[in-house]
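Trainee: I'd like a close look at one part of this model, followed by a walk outwards from there into the rest of the chain. Please take your time over it.

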Amino acid sequence: MIVNSLYIASWAVAVVVLLLLFFAAKKKVGFGTRVLIAMVLGVVVGAVFGKEATDLGTIGSIYVNLIKMIVMPLVIATIISSITSVSDPNMLRKIGTKTIALFLITTGIAAAIGVVVAVIIDPGAGIPYVQDAKFAAREIPSFLKVFMDLVPANPVNEMATGKVVPVIVFAMFVAVAITIEGNRKPESVRPIKEVIQSFAVVMFRVTKLIIRLTPYGVFGLMAAMAAKYGLASLLPMGKVVIAVYIACLLHFVLTYGFLVTFVARVNPIRFLKKIYPVLAVAFTTRSSYATLPVNLEVITKRLKVSDRIASFVAPLGATINMNGCGGLYPAIVAIFVAKVFGIDLTITHYLLIVGSAMIASIGVAGVPGPASISTTVVLASVGLPIEGMAMVLGIDAILDMARTAINATGTTVSSLVVAVTEKEFNREAFNNEADEELENYDVSSRNGGSKTAVAG
């Protein structure tokens, strides 16, 4: 009876919090502020009610499912509309090369930071290896299998199974075909270009409606997280958590800070304030795909990057930009496992960890569970016991919040840097215009975004 009473009480409190967030929106409280309030209240409710608040995660799950619902059509609309807006194939090739190069370089730097932090903190010191009977090592996919997984055999099936990379490839083929035919016979492809543009406008409107639910979803996700993982579960692996979060913070400040300050030449504090919604959604949903709609809006509305650049870089970044999951995290786990098993690593091993992390971040892009696969690849490349990874799986959700926030931020930074180099960043608007609220986004402003951008 006591358990049932606590369970009912947790839901009663949740309803009160949801109403509070609703009235805060009516009172025009800022989007970022409401997300922060939802995060704090979610942690408090989850900690107070414990396991009885676990089912509050249903609220968050509904939000995440709605986000997943729009990912595929949004990716198709943004990829095709962005590529068809570039009439010069050479420019498209240049943008793609810059984007992928940035993803690879920043992932390598993230892995190097992970190595340094792990060596200094030594998270595996004093921790004996404990076999987990439930652990099953992930199979490392062969190069040919990874390559074949990137090629869409049935685009409809790929969409249904959530394979984003093949869908992106399919969308690129369609967009390139439209561009080629458009150069030969503009009138023949004009109808489909108009349909795609209209479809994109509709999808942006659907995205806007769903983004309004973010504070409510964040509350449910954080309440369930706090209810499921208490302080007791973090103590034995506390140094691993500390190492990952410190590495994420250093990568955020040093790598992203350098790119924003010295390459893009913008105020890093202003930049941080503008991208806060991306950090909040990525941290709580733990999904780069779930963060994609918010990322797209922040990049175009707040960072003033052209729609053409944002629509190309953001969907690609949500798929293959894994500074956190594929860079610093596998590096830290590798050094942790080596310490637990008493294996000494040399400089050669550290370089191999960084190199394999960079390769794995691209190679496993189309494979579910990229963090686990990337870590498996890195461990195998250095000759470390893969089963040692099982020891960190119990705190994976805690680590994944920071990893995903780093991934999503990397996509945002890359979009800004590419836009600056392509002179499709409106610096004056970035510096002088007030930040817009995501819910008030007028989707019509996205049309022809690249035309309004000025030199960076």
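Trainee: What should the 14 residues of helix α14 (residues 307–320) span at 1.5 Å a residue, and how far apart are its end C-alpha atoms?

Mentor: Happy to, with two notes on the ground rules to start. This is a predicted model, in which local features need pLDDT of at least 70 and side-chain atom pairs count only at pLDDT 80 or more, while totals for chains, interfaces and linings use all residues. Residues are numbered from 1 along each chain as its sequence is written, and side-chain values use heavy atoms, leaving out hydrogens and water.

Now to your helix. The 14 residues of α14 should span 20 Å, and its end C-alpha atoms are indeed 20 Å apart, so the two values agree. The expected span is 1.5 Å times one less than the number of residues. Helices here are DSSP runs of H or I with at least four residues, strands are runs of E with at least two, and both are numbered from the N terminus. In its setting, α14 is largely enclosed by the rest of the structure, because 14 of its 14 residues are buried. Buried means under 20% relative accessible area, exposed means over 50%, and partly exposed lies in between, using a 1.4 Å probe and protein chains only.

One residue of α14 deserves a stop. R308 and E424 meet through their side chains in a salt bridge, 2.3 Å from N to O. That pair links distant parts of the chain, with R308 in helix α14 and E424 in the loop between α18 and α19, 116 residues apart. Both R308 and E424 are buried. A salt bridge here is a side-chain nitrogen of Lys or Arg within 4 Å of a carboxyl oxygen of Asp or Glu.

Stay with that loop for a moment, as E422 sits in it too. E422 forms a salt bridge with K94, their closest N and O atoms being 3.9 Å apart. K94 belongs to helix α4 (residues 89–121), 328 residues from E422 along the chain. The two ends differ in cover: E422 is buried at 12% relative accessible area, whereas K94 is partly exposed at 43%. K98 joins them, with K94, K98 and E422 linked in a network of salt bridges. For contrast, take E187 and R190, whose salt bridge measures 3.0 Å from N to O. Both lie in helix α8 (residues 186–211), three residues apart, about one turn of the helix. E187 is exposed at 53%, and R190 is partly exposed at 42%. The whole structure holds seven salt bridges.

Back to the neighbours of α14. S415, in helix α18 (residues 396–421), is buried at 0% relative accessibility. Leaving aside residues up to four places away in sequence, S415 touches I299, V305, I309, V313 and A314. Contact means heavy atoms within 4.5 Å. F271, in helix α12 (residues 268–285), is likewise buried, at 4%. Its partners, with the same exclusion of residues up to four places away, are V260, V266, L303, T412, V413, L416 and F430. The C-alpha atoms of F271 and F430 are 8.9 Å apart, although 159 residues separate the two along the chain.

The surface gives another view. I242, I246, L249, L250, V253 and L254 form a nonpolar patch with about 520 Å² of accessible area together. Areas come from the Shrake-Rupley method with a 1.4 Å probe, and for residues only the protein chains shown count as cover. Patches take residues with over 30% relative accessible area and no salt bridge, joining like charges within 9 Å and nonpolar side chains (Val, Leu, Ile, Met, Phe, Trp, Tyr) within 5 Å. One of the patch members, I242, lies in helix α11 (residues 238–263) and is partly exposed at 45%.

As for cysteines, there are zero disulfides, a disulfide being a pair of cysteine sulfur atoms within 2.5 Å. The sulfur of C248 has its closest cysteine sulfur in C325, 9.1 Å away and therefore too far for a bond. C248 is buried at 5%, and C325 is buried at 8%.

Finally, the overall picture: the protein has 20 helices and zero strands, and 54% of its 456 residues count as buried. Among contacts between residues at least 6 apart in sequence, 86% join residues at least 24 apart. The protein exposes about 19700 Å², with carbon and sulfur atoms supplying 68% of it.
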